[in-house]
Amino acid sequence: MKVDVLLGLQWGDEGKGKIVDVLTPAYDIIARFQGGPNAGHTLEFKGQKYVLRSIPSGIFQGDKINVIGNGVVIDPALFKEEVKSLQASGHTLTERLLISKKAHLILPTHRLLDAAYEQAKGNAKIGTTGKGIGPTYTDKIGRNGLRVGDILHNFEEKYQRAINRHKEILKQLKFEYDLDTLEKEWFEGLECLKQFQLVDSEHFVNKNMLEGKKILAEGAQGTMLDIDFGSYPFVTSSNTVSAGACTGLGIAPNKLGTVYGIFKAYCTRVGSGPFPTELFDDTADEMRNKGVEYGSVTGRPRRCGWIDLVALRYAIMINGVSKLIMMKSDVMDMFETIKVCVSYKIGETEENDFPFEITENLSPVYIEIPGWKTDMTKMQSEDEFPEEFNAYLSFLEAELAIDIHIVSVGPDRKQTIMRYNE
């Protein structure tokens, strides 16, 4: 048995949480492999809306086991908020959620460092969410981090040593702060974290795989935010690509199975950084409003633009995508004409490959496709698709050389249409 992977192919916010929830009944275990509470996965069903930050999106489906893997970074204070919110809505977690001992902890001073570093950058800000993700991964790579398993071994001494080192950095940056409240909430969250089963997740995942259990690895953010292959330096601090499932869960590369790649029928991006197909007109506002394109964690409005097939082909290649899933098709219902970026013009040269760097002399090359001007939100099968929408799907499949197996026509889990006998 192999581990399937589900991840985003754009700049995040593709709708991964909804599809994990939809696919969960076919799996025994859902395991999150990277990212932190900066990644909000939004799910809607039975008239309720939920936003998950660290907890895998399979938590709502029956008695499935969910694992927070070693590649994830956890803020105990935010984790406690998430747990309380889910428990208040009637969802029990302690028997179904396991946490890797090797997952790194976001300390209260990591959040302060995040703010201090952004302040120091001035106009060159990355647009971080301020959750302490970057400084936590920095400490992890610098071998200064604290892991969940450290809670069980001489933790107070390790914690104080890390906090004192951060205080020295904050002093050098001349950053003013109040640590007391953050620290109080953090330690309360730590007590909540201790209620869950802390495991050697790499052993747990591999043993269950050998026993024939079906496992889905859930990614956060999107491929174009990958620390190595994204639009650096405007990226996140982890590997968001399928290879990240290997390091984030302890899975050998030859144990990866189907790779589900999720993309929107258009593009969005949050924060700073290049965005070749970004729009600055009424069309962008229409996409943003109909698609409710505001950060599920930060509330920040997302930048919107037409779909970018250059970036999408690149993401498919990097991830070895097996099956495509298109989200928010219904947002495009209102347009007479839909533009699709098929290549880039860099100076006088037309390029099909995603470049090392996106500069000001790069411009998207578009083709126009007729829109379908039909409300798709009530549709329940592929047979109901308008002819123009089928033409759009066929065009994308031809350009990307991979079939689109699932189409989402709304935020609710029921608004999901399976194709190709998924």
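# A walk from strand β19 to the aromatic pairs

Let's begin at I404, a residue of strand β19, which covers residues 404–408. The model we are looking at is a predicted one. The relative accessible area of I404 is 0%, so this residue is buried. Setting aside residues up to four places away in sequence, I404 touches F263, L324, M326, L393, L396, E397, R419 and Y420. To get a sense of distance, pick D21: it is 383 residues away from I404 along the chain, and their C-alpha atoms are separated by 18 Å.

D21 brings us to helix α1, and it is one of the residues that are buried there. The helix runs over residues 16–23, and eight of its eight residues are buried, so α1 is largely enclosed by the rest of the structure. If you would like to select them in your viewer, they are K16, G17, K18, I19, V20, D21, V22 and L23.

Next, step back to the loop between β1 (3–8) and α1, where Q10 has its place. Is Q10 buried or exposed? Its relative accessibility is 5%, and since the cut-off for buried is under 20%, Q10 counts as buried. Its contacts, leaving aside neighbours within four places in sequence, are G222, T223, M224, L225, I262, F263, K264, Y266, C267, I307 and L312. F263 is a familiar name here, being also one of the residues that I404 touches. As for F280, it lies 270 residues from Q10 in sequence and 19 Å from it in space, C-alpha to C-alpha.

Two of the contacts of Q10, C267 and I307, are also among the contacts of T277. T277 sits in the loop between β12 (267–269) and α9 (282–290). With a relative accessible area of 0%, T277 is buried. Beyond its neighbours within four places in sequence, T277 is in contact with C267, C304, G305, W306, I307, D308, C341, P364 and Y366. Y366 has a charged partner as well: K339 lies over the face of Y366, at 5.6 Å from the ring centre. Another such arrangement involves K214, whose charged end sits over the ring of Y27, 5.0 Å from its centre.

Now to the helices α3 and α6. Two packed helices are described by the angle between their axes and the distance between the axes. Helix α3 (residues 108–121) and α6 have their axes 9 Å apart and pack at an angle of about 135°. Why are they called oblique? Angles over 145 degrees would count as roughly antiparallel and those from 65 to 115 as roughly perpendicular; the angle of about 135° falls in neither range, and α3 and α6 are therefore oblique to each other. On the α3 side, P108, T109, R111 and L112 take part, and they meet L179, L182, E183 and W186 in α6. Sorted by class, this contact has five nonpolar, one polar and two charged residues.

W186 leads us on to the aromatic rings, as ring pairs link F155, Y159, W186 and F187 into a cluster. The count for the model comes to 13 aromatic pairs. Take Y159 and F187: their ring centres are 5.0 Å apart and their planes stand at 70°, so the pair is edge-to-face. Y159 lies in helix α5 (residues 155–172) and F187 in helix α6 (residues 179–193), so the pair ties together parts that are 28 residues apart in sequence. Are these two residues buried or partly exposed? Y159, at 3% relative accessibility, counts as buried, whereas F187, at 34%, counts as partly exposed.

A stacked pair makes a good last stop. The rings of Y314 and F354 have their centres 5.1 Å apart and their planes at 25°, so this pair is stacked. Y314 lies in helix α10 (residues 309–319) and F354 in the loop between β17 (349–351) and β18 (362–370), so the pair ties together parts that are 40 residues apart in sequence. Both Y314 and F354 are buried, with Y314 at 16% relative accessibility. Besides F354, the contacts of Y314 include M224 and F229, leaving aside neighbours within four places in sequence. M224 also takes us back to Q10, which is in contact with it. Finally, the C-alpha atoms of Y314 and G189 are separated by 40 Å, and the two residues are 125 residues apart along the chain.

How values were computed: Residues numbered from 1 in each chain as written. Predicted model: local features only at pLDDT ≥ 70, side-chain atom pairs only at ≥ 80, totals over all residues. Heavy atoms only, no water. Phe/Tyr/Trp six-rings, centres within 6.5 Å; stacked < 30°, edge-to-face > 60°. Helix = DSSP H or I, 4+ residues; strand = E, 2+ residues; numbered from the N terminus. Buried < 20%, exposed > 50% of the residue type's maximum accessible area, 1.4 Å probe, protein only. Lys NZ or Arg CZ within 6 Å of the ring centre and 35° of its normal. Axes fitted to C-alpha atoms, helices over the stretch in contact; angles between N-to-C directions. Parallel < 35°, antiparallel > 145°, perpendicular 65-115°, else oblique. Contact = heavy atoms within 4.5 Å. Nonpolar A, V, L, I, M, F, W, Y, C, P; charged D, E, K, R; others polar.
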